[in-house]
Amino acid sequence: MSSARDGRWAPYMWTALGAAAEAPRVGDVPVGAVICDADGEVLATAYNRREADADPTAHAELLAMRRAAAARRFWRLDGCTLIVTLEPCTMCAGAAVLSRVDRVVFGAYDEKAGAVGSLWDVVRDRRLNHRPEVLGGVLADECGELLREFFDRHRSVEGGG
């Protein structure tokens, strides 16, 4: 269920959820990301590809940031928003800071590895020279459900049931 606070970002999160749904097809956790510019134009979408690419850095956020930077032909993503279905980890939160995105919008909170407020708060560390705005919990139920379904299926296969 979406809420009024999701307003502006819900359509982008639905796009990220659509991308996330592709990840299990390549054997990965369903996380999707979108980068849009200040005008709302989608520059890039991506989903987790760690398993498919045998690359520990192939998180949806990093792939989307790389694609957006390539589309802009410039590494700085100022004016851009990163929208992702799961709260970014430390690597992805650090990349968001280094890429200079204006904001990070995420769906489900990650109490075990989240680095945008849950376990750590990398993006709002005052010692850093750039601190993106953060909005968490956009379509959180839908984002969380996609992950729960994936892990329930994964556990039942591993458990033989």
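**Exercise 1. Work out how the span of helix 3 compares with expectation, and what surrounds the helix in this predicted model.**

*Solution.* Start with the length: helix 3 has 13 residues. Its first and last C-alpha atoms are 18 Å apart, close to the 18 Å expected at 1.5 Å a residue.

Next, place the helix. Helix 3 covers residues 60-72 and lies across strand 1, strand 2 and strand 3 (81-86). Against strand 2, it runs at about 150°.

Now look at which residues are tucked away. The buried ones in helix 3 are Ala 60, Glu 61, Leu 62, Leu 63, Ala 64, Met 65, Ala 68 and Ala 69. Their cover includes strand 1, strand 2, strand 3 and helix 4 (90-99).

Finally, step past the end of the helix. Arg 73 follows helix 3, and its phi is positive, near 60°.

**Exercise 2. Lay out the sheet: find the strand order, the edges and the twist.**

*Solution.* First, read off the order. The five strands make an open sheet in the order 2-1-3-4-5, and the pairing is mixed.

Then pick out the edges. Strand 2 (42-47) and strand 5 each pair on one side only, which makes them the edge strands. From one strand to the next, the twist averages 15°.

For a closer look, take one pair. Strand 1 and strand 2 are antiparallel, joined over five bridges. Here Cys 36 sits opposite Val 42 in strand 2.

**Exercise 3. Take three of the eight salt bridges and say how buried or exposed each partner is.**

*Solution.* Begin with Arg 50 and Asp 28, whose side chains form a salt bridge at 3.0 Å, N to O. Arg 50 belongs to helix 2 (residues 50-53), while Asp 28 is in the loop between helix 1 (10-20) and strand 1 (32-36), so this pair ties together parts 22 residues apart in sequence. Now apply the cut-off: buried means under 20% relative accessible area. Asp 28 has 1% relative accessibility, so it counts as buried. Arg 50, at 28%, counts as partly exposed.

Move on to Arg 103 and Glu 133, which meet in a salt bridge at 3.3 Å, N to O. Arg 103 is in strand 4 (residues 103-108) and Glu 133 is in strand 5 (residues 133-136), so the bridge ties together parts that are 30 residues apart in sequence. Arg 103 comes out at 17% relative accessibility and therefore counts as buried. Glu 133 is at 45%, so it counts as partly exposed.

Finish with Asp 125 and Arg 127, bridged at 2.5 Å, N to O. Asp 125 has 21% relative accessibility and counts as partly exposed. For Arg 127 the exposed cut-off is needed, which is over 50%. At 74% relative accessibility, Arg 127 counts as exposed.

**Exercise 4. Step back and describe the chain as a whole: which elements does it have, and how does its radius of gyration compare with the globule rule?**

*Solution.* Count the elements to begin with: there are five helices and five strands. From the N terminus on, they run α-β-β-α-α-β-α-β-β-α.

Now check the overall size. The radius of gyration is 15 Å, close to the 15 Å that the globule rule gives for 161 residues, so the chain is as compact as a globular protein of that length. Along the principal axes, the C-alpha atoms fill a box of roughly 50 × 35 × 30 Å.

Last, consider burial and contacts. Of the 161 residues, 48% count as buried. Among contacts between residues at least 6 apart in sequence, 58% join residues at least 24 apart.

How values were computed: Residues are numbered from 1 along each chain as its sequence is written. This is a predicted model: local features need pLDDT of at least 70, side-chain atom pairs count only at pLDDT 80 or more; totals for chains, interfaces and linings use all residues. Side-chain values use heavy atoms; hydrogens and water are left out. A salt bridge is a side-chain nitrogen of Lys or Arg within 4 Å of a carboxyl oxygen of Asp or Glu. Helices (H or I, at least four residues) and strands (E, at least two) are DSSP runs, numbered from the N terminus. Buried means under 20% relative accessible area, exposed over 50%, partly exposed in between (1.4 Å probe, protein chains only). Two strands pair if DSSP finds at least two bridges between them. Axes are lines fitted to C-alpha atoms, for helices over the stretch in contact, and angles run from 0 to 180 degrees between N-to-C directions. Contact means heavy atoms within 4.5 Å. The expected span of a helix is 1.5 Å times one less than its number of residues. The radius of gyration is taken over C-alpha atoms; the globule rule is 2.2 Å times the number of residues to the power 0.38.
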